[in-house]
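Subject: Handing over a structure

Dear colleague,

I am passing on the structure below, and after it I set out what was found, term by term. Please look through it before reading on.

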Amino acid sequence: MVELEEAVMEIIVNAGQSRSLCFEALRAARTGNLDEARQLLKEADGYSRQAHQMQTKLIEQDAGEARQPMTLIMVHAQDHLMTSLLARELSEEIIQLHTLYRQ
């Protein structure tokens, strides 16, 4: 069974790292470094995957007999994850626009 505090921190840290890499990718695209931007998005995907896997473990535990308490820090972790997923999707679209603009 996953400890709640450990799980929440893993989600926050990995989602935060993913979000940061997405914004680095946007800065790279803005300066014309599109290959670097794409690489940064791939790196962001790895962190996002780790955060999502931990979220999935918590959901699985909650669906069983180990009900998870809904705490403010858990809501905060979910917010970080969802924000990072949105940042990833928007970054992909913006980088695609930079790619089209530079052709």
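Just after helix α1, Gly32 takes a positive phi of about 95 degrees. Please keep in mind that this is a predicted model, in which local features need pLDDT of at least 70 and side-chain atom pairs count only at pLDDT 80 or more, while totals for chains, interfaces and linings use all residues. Residues are numbered from 1 along each chain as its sequence is written, and side-chain values use heavy atoms, with hydrogens and water left out.

The helix before that glycine, α1, covers residues 4-30; helices here are DSSP runs of H or I with at least four residues, numbered from the N terminus. With its 27 residues, α1 reaches 39 Å from its first C-alpha to its last, close to the 39 Å expected at 1.5 Å a residue, where the expected span is 1.5 Å times one less than the number of residues.

How does α1 pack against α2 and against α3? Helix α2 (residues 34-63) packs with α1 at an angle of about 165 degrees, their axes being 8 Å apart, where axes are lines fitted to C-alpha atoms over the stretch in contact and angles run from 0 to 180 degrees between N-to-C directions. That makes α1 roughly antiparallel to α2, a term for angles over 145 degrees, just as angles under 35 degrees count as roughly parallel. The crossing of α1 past α2 is left-handed, meaning that the near helix is turned anticlockwise from the far one by less than a right angle. By class, this contact of α1 with α2 has 18 nonpolar, 6 polar and 4 charged residues; Ala, Val, Leu, Ile, Met, Phe, Trp, Tyr, Cys and Pro count as nonpolar, Asp, Glu, Lys and Arg as charged, and the others, Gly among them, as polar.

With α3, the angle of α1 is about 20 degrees and the axes are 8 Å apart, which makes α1 roughly parallel to α3. Here too α1 passes α3 in a left-handed crossing, and the residues of their contact divide into 17 nonpolar, 8 polar and 4 charged.

Helix α3 (residues 72-102) also holds Asp79, which UniProt lists, in an unreviewed entry, for "binding site". The same kind of record places the feature "active site" (unreviewed entry) at His76, and His76 is likewise found in helix α3. UniProt positions are given in the numbering used here, feature names are shortened, and annotations may be inferred rather than shown by experiment. Asp79 is partly exposed, with a relative accessible area of 46%, and His76 is partly exposed at 36%, where buried means under 20%, exposed over 50% and partly exposed in between (1.4 Å probe, protein chains only).

With best wishes

Note on methods: Helices (H or I, at least four residues) and strands (E, at least two) are DSSP runs, numbered from the N terminus. Angles under 35 degrees count as roughly parallel, over 145 as roughly antiparallel, 65 to 115 as roughly perpendicular and the rest as oblique.
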